[in-house]
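Biologist: I'd like a close look at one part of this model, the pairing of its sulfurs, and then a quick tour of some packing elsewhere. Please spell out your cut-offs as you go.

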Amino acid sequence: MGVQIAVNNISKRYGDQLILDHISAEFHTGNIYCIVGENGSGKTVFLKCICGLISCSEGEIHIKGIPLRSENCLSGEIGAIIERPGFLPNYSGYENLYYLAALLHTPNKDQIRRAMYKVGLDPDSRKKVKHYSLGMKQRLGIAQAIMENPDILILDEPMNGLDKHGVEDMRKLLVQLKEEGTTILVASHNPLDIEILCDEVYEMDAGAITKVH
C-alpha cells in the first residue's frame with residue numbers, strides 16, 4: 001500500500017511552548033488510524049498540521065509525495081472535521097454544503113446529495129440548521145468532509161453528539177470508505193471506536209507520538 005501521508009520530523013511551537021516535538025509517522029492507503037491521548041497532548045494541533053490549517057515550525061508533511069502547503073490544503077484531497085463543525089444557522093443542510101463547495105469551485109449537486117444520504121440526512125429537507133440536533137449537525141459535518149470523495153479523511157472526535165444508532169451508522173460508513181481505499185485518521189476517546197475501526201493506534205503524550213498497536 002502506498003504512503004498517503006508522510007510526516008517528517010515536524011515540530012510546532014507557540015512562543016516558548018512546544019506543542020509537537022519532532023514527530024514522524026507514515027499513514028498508508030486504505031487504513032484507519034486512531035490517534036489517542038489526553039486533552040492537551042497535541043492531537044488536534046497534529047491533525048490541523050496535516051490538514052494544512054496551521055503551519056509547522058519545523059519539518060515537513062507530504063501528501064501523496066507532494067509537500068503540503070497552505071495554498072493547497074483545500075484541494076479536495078483531504079476531507080476533515082476539526083473541532084465542532086460550524087454552519088450558517090438560517091440555511092438548510094444542503095444549502096450549507098452547496099455554499100461551502102461554491103467557495104472553491106462549481107458545486108457538484110449530485111455529490112452533495114450522495115454525501116447527505118450516506119450520513120442519514122435528507123438533502124431535500126428545508127429544515128434550517130439552527131433547528132438541527134447536535135447529532136444532526138455532526139452528521140452534516142461528516143457529510144461536508146466526504147462530499148468531494150477525498151482520498152484522505154481527518155476526523156477529530158467524529159462521534160461527538162451522535163446517539164447509539166448514529167455511532168453505529170458512522171462506523172459502518174468509515175469501514176465502507178476504508179474498503180474503497182480512503183485513508184482515515186480518527187482522534188477518539190471511545191475504546192470501541194479503537195477496537196472496531198482502527199488498523200493501527202498511535203498515542204500522543206506531551207507532543208510526542210508512539211505507535212501502540
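Modeller: Let's fix one term before anything else: a disulfide here is a pair of cysteine sulfur atoms within 2.5 Å. Keep in mind that this is a predicted model, where local features need pLDDT of at least 70, side-chain atom pairs count only at pLDDT 80 or more, and totals for chains, interfaces and linings use all residues. Residues are numbered from 1 along each chain as its sequence is written, and side-chain values use heavy atoms, with hydrogens and water left out.

Searching the whole structure turns up one disulfide. It joins C34 and C198, whose sulfur atoms sit 1.8 Å apart. C34 belongs to strand β3 (residues 32–36), while C198 is in the loop between α6 (191–197) and β9 (200–205), so the bond ties together parts that are 164 residues apart in sequence. (Helices are DSSP runs of H or I, at least four residues, and strands are runs of E, at least two, numbered from the N terminus.) Both partners, C34 and C198, are buried, meaning under 20% relative accessible area, with exposed over 50% and partly exposed in between (1.4 Å probe, protein chains only).

What about C49? Its closest cysteine sulfur is in C56, 4.0 Å away, which is too far for a bond. C49 is buried as well, with a relative accessible area of 1%. C51 is buried too, and its relative accessible area is 3%.

Now for the packing around helix α4 (residues 134–146). Helix α3 (residues 109–118) packs with α4 at about 135 degrees, their axes 9 Å apart; axes are lines fitted to C-alpha atoms, for helices over the stretch in contact, and angles run from 0 to 180 degrees between N-to-C directions. That makes α3 and α4 oblique to each other (under 35 degrees is roughly parallel, over 145 roughly antiparallel, 65 to 115 roughly perpendicular, the rest oblique). On the α3 side, A115, M116 and K118 meet L140, A143 and I146 of α4, contact being heavy atoms within 4.5 Å. By class, that α3–α4 contact has five nonpolar, no polar and one charged residues (Ala, Val, Leu, Ile, Met, Phe, Trp, Tyr, Cys and Pro are nonpolar, Asp, Glu, Lys and Arg charged, and the others, Gly among them, polar).

Helix α2 (residues 93–102) also packs with α4, at about 30 degrees and with axes 11 Å apart. Here G93, L97 and L100 from α2 meet L140, A143 and Q144 from α4. That contact splits into four nonpolar, two polar and no charged residues.
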